[in-house]
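Colleague: I've got a few things I'd like to ask you about this one. Shall we start once it's up on the screen?

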Amino acid sequence: MQYLKETPSQTAGPYVHIGLAPKAAGFDIFKQELGWDIAGPNAKGERIRVEGCVYDGTGAPIKDVMLETWQANTDGHYAHSEDGRAVEDGFRGWGRVITDFETGLWGFDTVKPGATPGRNGTTQAPHINLWIVARGINVGLNTRIYFDDCDNSNDPVLNLIEQTHRRQTLIANRTEDSKGVTYRFDIHIQGTGETVFLDI
Amino acid sequence: MKPAEYYMRDRKRHAPALTPTYKTSVTRSPQYALLSLENSLSEITGPTFSHNDIDALDNDLIKNYSHGGDPIGERIIVHGRVLDENARPVPNTLVEIWQANAGGRYRHKKDTYLAPIDPNFGGCGRTMTDADGYYYFRTVKPGAYPWRNWVNDWRPAHIHVSIFGAAFAQRLITQLYFEGDPLIAGCPIVQTLPDADAIDQLVAKLDRNATIPLDSIAYRFDIVLRGRRSTMFENRLEGN
């Protein structure tokens, strides 16, 4: 049986911003850049910020990384025809996030997602799907952000991680102050505390 | 349509994470195995875009950053279809590109190569595939440029390509090279790919029929995203 083969991936390189976030590269070209407004103005639910840093195998922050986020709304509905359930007008659930070139810190504003259906009648704990590309990463890395104030004990994906202590690498830590709710989610590409990456 | 899973990504055809001749990968490659998941709703859905998200001129890199003139360089057309592994077209999906100018210089505040910025060239574009999965860009051919890896490494002329597909599981970024470029064989990034056939899939072919006489040379570049089983799996994907 003859099938086509998937086009092989190549690194996004250091200048990914030119194509996908040109203002960060230093110029203004498109009427609108995509991916900066994840939830839109009408989304229900808790407004949150997620911040973090991506570290390389030496422990240094990676300053040229790009992350894309994909999440359900507060009711656990994805804005996609194969989900089919309603989302708020303007809710896309997708974001494009780049780091500060000096510090490597990144952050994005969204609403906290709801639980989503898993396979075989299971329920997936609230999570944000992440895709990470950068110079030196040959194939984009997938992972998930879960939340430390949710019940993650029955999540079918977290429970697949054999070394139970590594499940913590997918769980963001909540803090609250006068500015609002922030979750911290650091990603370790390699080595001690290496984040669990997913082959989806 | 009933939900069905995407075919498992063939990791043998992609580069491994650790490719020491491409030095940056050494500290940016996970050491532990990826955790393989069966698809859930989180993977078979993904962002969708419409023509409202982009401008009609966004796919014309000769005009989309014009400051009173056209960019220097060979005028080229890059076109093709986005298909899945079942050879079905992927319609209405966003394709984005970025590239160096004809001298091999990127319009990026972190690029310090001595070749000059072109005042009329931004170096990025985007478009939506049509109902047949077809896409089209007009640009100038990017130049080769040196980069710090081994001391005398040169990137072959290339265009970065980003494609969404219909699901987060299909998301892909890759690079397009040009048929006949002698730098391809010695490029440590190209050579991260273990399979000669996979490398050939990244080489856009000269397309004489699509060339516009006295105007622009055309290159054909078809893109293949992961395919999908046509039958629903036994276990229901959704809850209840």
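Colleague: How many charged residues does the lining of the largest pocket have?

Modeller: A pocket here is an open set of points on a 1 Å grid over the protein atoms alone, where a 1.4 Å probe fits, with protein on both sides within 12 Å along at least five of seven lines; lining residues have an atom within 4 Å of a point. By class, Ala, Val, Leu, Ile, Met, Phe, Trp, Tyr, Cys and Pro count as nonpolar, Asp, Glu, Lys and Arg as charged, and the others, Gly among them, as polar. The lining splits into 16 nonpolar, 11 polar and, for your class, 8 charged residues.

Colleague: Just so we're on the same page: residues are numbered from 1 along each chain as its sequence is written, with chains lettered from A and ligands numbered from 1 in the order in which they are written. It's a predicted model, where local features need pLDDT of at least 70, side-chain atom pairs count only at pLDDT 80 or more, and totals for chains, interfaces and linings use all residues, while side-chain values use heavy atoms, without hydrogens and water. So which strand gives the most to the lining of the largest pocket?

Modeller: The pocket has 35 lining residues, and those nearest its centre are P14(A), Y15(A), P146(B), W147(B) and R148(B). Strands are DSSP runs of E, at least two residues, and helices are runs of H or I, at least four, numbered from the N terminus. In chain B, β6 (145–147) and β8 (158–163) each put at least two residues into the lining. With 3 residues, the top contributor is β6(B).

Colleague: And what's the volume of the largest pocket?

Modeller: Grid points are joined across faces, edges and corners, and the volume is the space filled by probe spheres set on them. For this pocket that comes to about 820 Å³.

Colleague: On to the interface. What is the area buried between chain A and chain B?

Modeller: Contact, meaning heavy atoms within 4.5 Å, takes in 81 residues from chain A and 97 residues from chain B. E6(A), Q10(A) and R119(A) supply 11% of the area chain A buries against chain B, more than any other three residues. Buried area is the accessible area (1.4 Å probe) that the two parts lose on being put together, summed over both. Carbon and sulfur atoms give 55% of the total, which is about 7900 Å².

Colleague: Which residue of chain B does the side chain of H127(A) make a polar contact with?

Modeller: H127(A) sits in strand β7 (residues 127–133) of chain A, and because its relative accessible area is 2%, it counts as buried (under 20%, with exposed over 50% and partly exposed in between; 1.4 Å probe, protein chains only). A polar contact is a pair of N or O atoms within 3.5 Å; within protein, one must be able to donate a hydrogen and the other to accept it, and residues adjacent in sequence count only if both atoms are side-chain atoms. Within chain A, the side chain of H127(A) has such a contact with that of N129(A) at 3.4 Å. Across the interface, at 2.9 Å, the partner is S42(B).

Colleague: Is K109(B) buried or exposed?

Modeller: K109(B) is in the loop between β3 and β4 (124–128) of chain B. Beyond four places in sequence, its contacts are A24(A), A25(A) and F101(A), and its side chain reaches the backbone oxygen of A24(A) at 3.5 Å. Its relative accessibility is 54%, so K109(B) is exposed.

Colleague: Which residue's backbone oxygen does the side chain of Q99(B) reach?

Modeller: Q99(B) is part of strand β3 (residues 94–99) of chain B, and it is buried because its relative accessible area is 1%. Among the residues it touches are L61(B), Y106(B), F121(B) and H158(B). At 2.9 Å, the side chain gets to the backbone oxygen of V140(B).

Colleague: Which side chain does K63(B) join in a polar contact?

Modeller: K63(B) is in the loop between α1 (41–44) and β2 (75–84) of chain B, and at 36% relative accessibility it is partly exposed. Its C-alpha is 8.0 Å from that of N120(B), 57 residues away along the chain. Leaving aside neighbours within four places, K63(B) is in contact with L57(B), D70(B) and R138(B). The polar contact, at 2.8 Å, is with D70(B).

Colleague: Last one: what is the phi of L214(B)?

Modeller: L214(B) belongs to the loop between β10 (203–206) and β11 (217–220) of chain B, and it is exposed at 93% relative accessible area. Although it is not a glycine, its phi is positive, at about 65°.
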